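I opened the notebook to record what I looked up in this structure. The entries follow the order in which I went through it.

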Amino acid sequence: MSDTKILLDESEIPTHWYNVVADMPNPPAPPLGPDGRPIGPDALAAIFPESLIEQEVSAERWIEIPEQVREIYRLWRPSPLFRARRLEAELGTPARIYYKYEGVSPAGSHKPNTAVAQAWYNRQAGIRRLTTETGAGQWGCSLALAGQMLGLEIRVYMVKISFDQKPFRRSMMHTWGAEVLASPTDTTEAGRRILASDPDSPGSLGIAISEAVEEAASRDDTNYSLGSVLNHVLLHQTVVGLEAKKQFEKAGDYPDVIFAPCGGGSNFGGVAFPFFADKAAGREVRLVAVEPTSCPTLTRGHFAYDFGDAVGLTPLLKMYTLGHDFVPPGIHAGGLRYHGDSALVSQLYHEGLVEAVAVPQLATFEAGVCFARAEGIIPAPESNHAIRACIDEALQCKERGEAKTLFFNLSGHGHFDMAAYDKYFSGELEDFEYPAQAIDEALHHLPQVEPG
Ligand SMILES: Cc1ncc(COP(=O)(O)O)c(C=O)c1O
């Protein structure tokens, strides 16, 4: 029998990140300023270091990973690729199922892959403090960890509903030395504006981003760091897909379909883009982003210019969006509650080069529990979305007698999400279909721009 874990040596950690822009048939639409004109790099300089701005606009296919970043990656990378034989047997499918496990990072997800890189570039630029937002807490933990390793102070605006639901994520951030605030706060103009209209606001990633950006823009020693969406974030995450390609080579296999949960798109881009390079060169591989029906950005959103945050402080990005003032229902996959999506993922989806599917909350937990009982690892609620879509495909393979190779990214473990599992077991979790009317309404709030 071939191996269950397909492992790489530390020396096989990629030396370069892969930039999908080099292989996109059309360049991504430029970010626009409030006047509707493309912004120059200067507009970002108040909150990002020059090196990351260069990566944001780069069309170079390969970008070298700094040696010190690779050295920190060695604490958990390369992450294992598993063949899910026990899950295959449980489902009785002829499909071969593989998953890459990013929960082996200290913070428990894929997010440190970019947190460490961003902290390093900021440190190089002489920055002392970083602000950020976090939803589920995975990103806040990752930046707290990276800040601790590279000597930066970190302040995290944590979406209030997660702040209340996930006290241990807060404890982790404190352990790594970060300061954590429940967003919306009354310490920023953006937070005060939201609280004035809704004192009980559960918060949203869009609101927390507004607060973190506002603070970073107002201080010279402070920059802002984003855990997803932006091109440089997706770039850093490609270590996942690059390692996976080597691991598939070792296994003597290649995926027919790849699934990844999609919030802002960094996890999906990270695992899928290196395979997109093959697709662009003519190889057949389906790349499927999986999102919640309660926050159906790609599957039901509008492809339009919109703000990345709730109150309109960021440049306008051309992306699938549910509207920047969208406050998603309090589902437990907190990392997937974002109104927009990466411009790169959005454009590839718009051009039909990647796919998207939305799955309801209860079905995702059912899939996660099935996976945990077969394979042992308890997945993060976000990861359960990919597992659901992968299991559905594996069951279709069973019906049709097809032995496809399926691959998903197990983006994180769910050890701090057990309250959500408890709710699932006690029947308290619900499905939530985002109402069509709310989606139509969002259209009216989109900024009106005529790209020049
Ligand atoms: C475990 C896990 N998986 C997936 C995601 C979605 O990530 P992205 O925004 O990169 O699409 C998150 C986001 O927080 C997460 O924590």
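Which strands does helix α7 lie across? I found that α7, residues 167-175, lies across β6, β7 and β8. The helix runs at about 170° to β7. I note at the outset that the model is predicted.

**Entry: the four-stranded sheet**

I looked up the sheet under α7 next. The sheet that holds β6, β7 and β8 is open and has four strands, in the order β8-β7-β6-β9. Its pairing is parallel. I wrote down β8 (179-183) and β9 (222-224) as the edge strands, since each pairs on one side only. Neighbouring strands here are turned by 25° against each other on average, with direction ignored.

I then checked one pair inside the sheet. Strand β6 covers residues 129-134 and strand β7 covers residues 153-159. Six bridges join the two, and they run parallel. For a single register point I took Thr 131, whose bridge partner in β7 is Arg 155.

Helix α9 also belongs in this entry. I found α9 lying across β6, β7, β8 and β9, at about 170° to β6.

**Entry: α8 against α9**

At what angle do α8 and α9 pack? I read about 145° for α8 (residues 189-197) and α9 (residues 205-217). Their axes are 7 Å apart. From α8, the contact uses Glu 189, Ala 190, Gly 191 and Ile 194. From α9, it uses Ile 207, Ser 210, Glu 211 and Glu 214. I sorted the contact by class: three nonpolar, two polar and three charged residues.

**Entry: the seven-stranded sheet**

I turned to the other sheet on my list. It is open, has seven strands and shows mixed pairing. I copied the order as β1-β4-β5-β15-β10-β11-β14. β1 (5-6) and β14 (355-359) stand at the edges with a single partner strand each, so one side of each has no neighbour in the sheet.

I checked the β4 and β5 pair. Strand β4 (residues 81-83) and strand β5 (residues 96-101) are antiparallel, over three bridges. Leu 81 stands opposite Lys 100 in β5.

Two helices went down beside this sheet. Helix α10, residues 231-251, lies across β1, β4, β5 and β15 (405-410). I noted its direction at about 140° to β5. Helix α15, residues 381-400, packs on the sheet and touches β5, β10 (257-261), β11 (286-292), β14 and β15. The direction of α15 makes about 150° with that of β10.

**Entry: the ligand**

Which residues come nearest to the ligand? I counted 17 residues around the ligand, and Ser 228, Gly 263, Gly 264, Ser 266 and Ser 411 come nearest. I then listed side-chain distances to oxygen atoms of the ligand. A polar side-chain atom of Ser 266 lies 2.4 Å from a ligand oxygen. For a polar side-chain atom of Ser 228, I have 2.8 Å to a ligand oxygen. For Lys 111, a side-chain N or O atom is 3.4 Å from an oxygen atom of the ligand. The ligand on its own has 400 Å² of accessible area, and the protein covers 97% of that.

**Entry: backbone checks**

I kept one rule in mind: most residues other than glycine have a negative phi, and most peptide bonds are trans. Where are the exceptions I noted?

- The bond that joins Arg 77 and Pro 78 is cis, with omega about -10°. Pro 78 is placed in the loop between α2 (67-73) and β4.
- The peptide bond from Ser 183 to Pro 184 is cis, with omega near 10°. I found Pro 184 in the loop between β8 and α8.
- Val 229 has a positive phi, near 70°, and is not a glycine. Val 229 lies in the loop between β9 and α10.

Terms used:
Residues are numbered from 1 along each chain as its sequence is written. This is a predicted model: local features need pLDDT of at least 70, side-chain atom pairs count only at pLDDT 80 or more; totals for chains, interfaces and linings use all residues. Side-chain values use heavy atoms; hydrogens and water are left out. Axes are lines fitted to C-alpha atoms, for helices over the stretch in contact, and angles run from 0 to 180 degrees between N-to-C directions. Contact means heavy atoms within 4.5 Å. Ala, Val, Leu, Ile, Met, Phe, Trp, Tyr, Cys and Pro count as nonpolar, Asp, Glu, Lys and Arg as charged, and the others, Gly among them, as polar. A residue is near a molecule or strand if one of its heavy atoms lies within 4 Å of it. A polar contact is a pair of N or O atoms within 3.5 Å; within protein, one must be able to donate a hydrogen and the other to accept it, and residues adjacent in sequence count only if both atoms are side-chain atoms. Accessible areas come from the Shrake-Rupley method with a 1.4 Å probe; for residues, only the protein chains shown count as cover. Two strands pair if DSSP finds at least two bridges between them.
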